[in-house]
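Work through the exercises below with the model open. Try each task before you read its solution.

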Amino acid sequence: MSPRLASRTHKGSSAIPKQRGVSANEPTGAEQRTARIMGGRFLATFVFSIPALWFYDPVLNDTGYVLGGGADTRVALGAVCEILSATAGIATAVVIFPIAKRVSESVALGYVASRTLESTVIVSGIVSLMAVLGLRQDLAGTGGANASLVAVGRGLVAFHDQTFLLGPQFCAGIGNGILLGYLMWRSGLVPRGMAMIGLVGGPLAVLGGVGVLLDLWADPSTVLFLFTAAEIVWEFSLSIYLLVRGFRPSPVLTGSPVVAGS
């Protein structure tokens, strides 16, 4: 093998180390802490994002919210929940990157980028709802401007609705489903059957989002939920598995070797 080809092999997409007679390595204490931190951050995205929808209900479903008495504190709490969810989403990718890059640095970096983009889109939706609150507080009650305020308010809410589709639907499907699913399947850090749920659920979630964009079904709808269900199962099961079990022995880990056949 030429030095140039050897260098390409070493730096290629499959950087899993191989040792003669060794099929995998146990996780070190630090690597198990990484697993549980990642599981906790994943679970946090569920814990914070679900109540955010309830907190947002007054502004999302009241067309005249910008003119009314408002429930600004409740909506602001929803914004805090979504900010925490977005931050946890980025953390899931950052914390796993040092280990995931041993499988494929390009895919691991793509996962960090997708999670960062997803959180950026989510935060832009938060800003749009905070703008509705600002309009209500600063401009409501100006008489002839009321009709235009309602139109602007609904436009900002519609912007938030689209960020919810383009962020969690598309970015999570690509990032958590396809990219992270591949990294977990290739490394064996979690059961491969579990990782396969992500590899199947990710493309289905993206397809569900495409259907909404093409007006084939509504958001929300039963059809969209069915397209997204596998992705939800994958993310939730991964969070629980990592919190309870941690990483399985894998060639990408650096602990004590597990000798094949022992």
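**Exercise 1. Determine the handedness and geometry of the crossing between α5 and α7.**

Solution. The model is predicted. Start with the hand: α5 passes α7 in a left-handed crossing. Next, take the axes. Those of α5 and α7 come within 11 Å and cross at roughly 45 degrees. An angle from 35 to under 65 degrees is neither roughly parallel nor roughly perpendicular. Therefore α5 is oblique to α7.

Now list the contact residues. On the α5 side they are Q169, A172, G173, N176, G177, L180, G181 and M184. On the α7 side they are L224, T228, E231, W234, E235 and L238. Finally, sort by class: the contact of α5 with α7 has six nonpolar, six polar and two charged residues.

**Exercise 2. Describe how α6 and α7 pack, and give the make-up of their contact.**

Solution. Fix the ranges: α6 covers residues 192-213 and α7 covers residues 222-244. Their axes come within 7 Å and cross at roughly 145 degrees. The crossing is left-handed.

Then find the residues that make the contact. α6 brings M194, A195, I197, G198, G201, G202, L204, A205, L207, G208, G209 and V212. α7 brings L224, F227, A230, E231, V233, W234, S237, L238 and Y241. By class, the contact of α6 with α7 has 14 nonpolar, six polar and one charged residues.

**Exercise 3. Examine the loop between α6 and α7: which peptide bond is cis, and is D215 buried or exposed?**

Solution. First, place the residues. D215 is in the loop between α6 and α7, and P220 lies in that loop too. Check omega: the bond joining D219 and P220 is cis, with omega about 5 degrees. Check phi: D215 has a value near 65 degrees, which is positive in a residue other than glycine. Last, check accessibility. The cut-off for exposed is over 50%. D215 has 67% relative accessibility, so D215 counts as exposed.

**Exercise 4. Locate the largest nonpolar core and say which helix gives the most to it.**

Solution. Count its members: the core has 28 residues. Y111 and M184 have the most contacts inside it. Trace the suppliers. α2 (29-61), α3 (72-100), α4 (105-139), α5 (146-187), α6 and α7 each supply at least two residues. α3 gives the most, with five residues.

Look around Y111. Neighbours within four places in sequence are left aside. Y111 is then in contact with M38, F42, T92, A93, I96, G175, N176, L179, L180 and L183. Apart from this core lies another, of 16 residues, among them F55, Y65, I122 and V132.

**Exercise 5. Characterise the setting of A71.**

Solution. A71 sits in the loop between α2 and α3. Its relative accessible area is 23%. Buried needs under 20% and exposed over 50%. A71 is therefore partly exposed. Leaving aside neighbours within four places in sequence, A71 is in contact with P58 and Y65. The C-alpha atoms of A71 and Y56 are separated by 9.2 Å, with the two 15 residues apart along the chain.

**Exercise 6. Summarise the whole chain: how many helices and strands are there?**

Solution. There are seven helices and two strands. From the N terminus on, their order is α-β-α-α-α-α-α-α-β. Of the 262 residues, 42% are buried. Take the contacts with a separation of 6 or more: residues 24 or more positions apart account for 80% of them.

Key: Residues numbered from 1 in each chain as written. Predicted model: local features only at pLDDT ≥ 70, side-chain atom pairs only at ≥ 80, totals over all residues. Heavy atoms only, no water. Axes fitted to C-alpha atoms, helices over the stretch in contact; angles between N-to-C directions. Helix = DSSP H or I, 4+ residues; strand = E, 2+ residues; numbered from the N terminus. Left-handed = near helix turned anticlockwise from the far one by under 90°. Contact = heavy atoms within 4.5 Å. Nonpolar A, V, L, I, M, F, W, Y, C, P; charged D, E, K, R; others polar. Core = buried A, V, L, I, M, F, W, Y, C linked by side-chain atoms within 4.5 Å. Buried < 20%, exposed > 50% of the residue type's maximum accessible area, 1.4 Å probe, protein only. Parallel < 35°, antiparallel > 145°, perpendicular 65-115°, else oblique.
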